[in-house]
Amino acid sequence: MKAVVFDNSGTLISRYRAIKDIKSGLISDHTSSIDLVDQHPYRALVVLQTDPSTCIINARSKQSIYQFISRNNVPFDISYSSLDIDKNKLLNIIKDDKTQVSDIQDTIRTVIDKGYNVQICSGSGFIVDFHSGQIEFTITAGGKIFPEVPMVVEKLKRRGLRIFVASGDRTKSLEQLASFIHIPTENVFGTAHSKRKRKLCKSSKETIGL
């Protein structure tokens, strides 16, 4: 049996990303989060594994992001960094940072106002400097499924191909996307950086005998 492994953004969905610069307070939609991380050797992109449209948007806006994560046991993952960073150290590192939940909520509202669905993309997160302990940017990304995608997926399945999705986006958002296009959730791999994607492709080949 053959298989196809899809990335998410630009392949299955059209993505819109809002990034807030905490220092200036400005929100932009033309900046790459990956480029921002690469500009500084200690930066990391953190993805919150919770629904922006129900959980984060309704959270107390004046609490710090550290308080929100620690008090509610919000799961998170490091989606991208040039360093091999231990995510278990994150909460201690941002403990004194004053960036508020409202800074994430601002980006959620921007994405929703543009008509994108924050439930089928990477959701919300932030870029942190692990050296200084400062959250420098907050991020929300939303998506729109390309109209041709459901038809393409069905054609591939009729040809006997197994369909996988591997992306750096939030796991639950990818599972919701998968339900829209009828891909089994066990074939979905979220918060997957480039090394993990290569590993998944290799293990898929071994599992299905490619």
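**A hairpin, a covered strand and a one-sided helix**

In this predicted model, glycine 133 takes a positive phi near 80 degrees within the hairpin of strand 6 and strand 7, where four residues lie between the strands. The two strands of this hairpin run antiparallel and are joined by seven bridges. One of the pairings links aspartate 129 to its bridge partner in strand 7, glutamine 134.

Strand 7, which spans residues 134–145, also pairs with strand 2 (residues 13–21); these two run antiparallel as well, with nine bridges between them. Here alanine 18 has threonine 140 of strand 7 as its bridge partner. Strand 7 is mostly covered, since nine of its twelve residues are buried. In general, the side chains of a regular strand alternate between the two faces of the sheet.

The path now turns to helix 3. This helix comprises residues 65–72, and its buried residues are Ile65, Tyr66, Phe68 and Ile69. Viewed down the helix axis, these buried residues fall within an arc of 165 degrees, so they line one face of helix 3.

Isoleucine 65 belongs to this helix and illustrates the buried side in detail. Its relative accessibility is 1%, under the 20% cut-off, and therefore it counts as buried. What does isoleucine 65 contact, once neighbours within four places in sequence are left aside? Its partners are Thr99, Gln100, Val101, Ile104, Phe126, Ile135 and Thr138. Among these, Phe126 falls within the residue range of strand 6, while Ile135 and Thr138 fall within that of strand 7. Isoleucine 65 thus connects the account of the helix with that of the hairpin strands. With glutamine 100, the separation is 35 residues in sequence, but the C-alpha atoms are 5.3 Å apart in space.

Helix 3 is followed by asparagine 73, which lies in the loop leading to strand 5 (76–81). The phi of asparagine 73 is near 50 degrees, a positive value in a residue other than glycine. Is asparagine 73 buried or exposed? With a relative accessible area of 66%, asparagine 73 is exposed.

A further positive phi occurs at histidine 182, at about 60 degrees, although this residue is not a glycine. Histidine 182 is found in the loop between helix 7 (171–180) and strand 9 (188–189). The relative accessible area of histidine 182 is 54%, and because this is over 50%, the residue is classed as exposed.

How values were computed:
Residues are numbered from 1 along each chain as its sequence is written. This is a predicted model: local features need pLDDT of at least 70, side-chain atom pairs count only at pLDDT 80 or more; totals for chains, interfaces and linings use all residues. Side-chain values use heavy atoms; hydrogens and water are left out. Buried means under 20% relative accessible area, exposed over 50%, partly exposed in between (1.4 Å probe, protein chains only). The arc is that of the directions from the helix axis to the C-beta atoms. Contact means heavy atoms within 4.5 Å. Two strands pair if DSSP finds at least two bridges between them.
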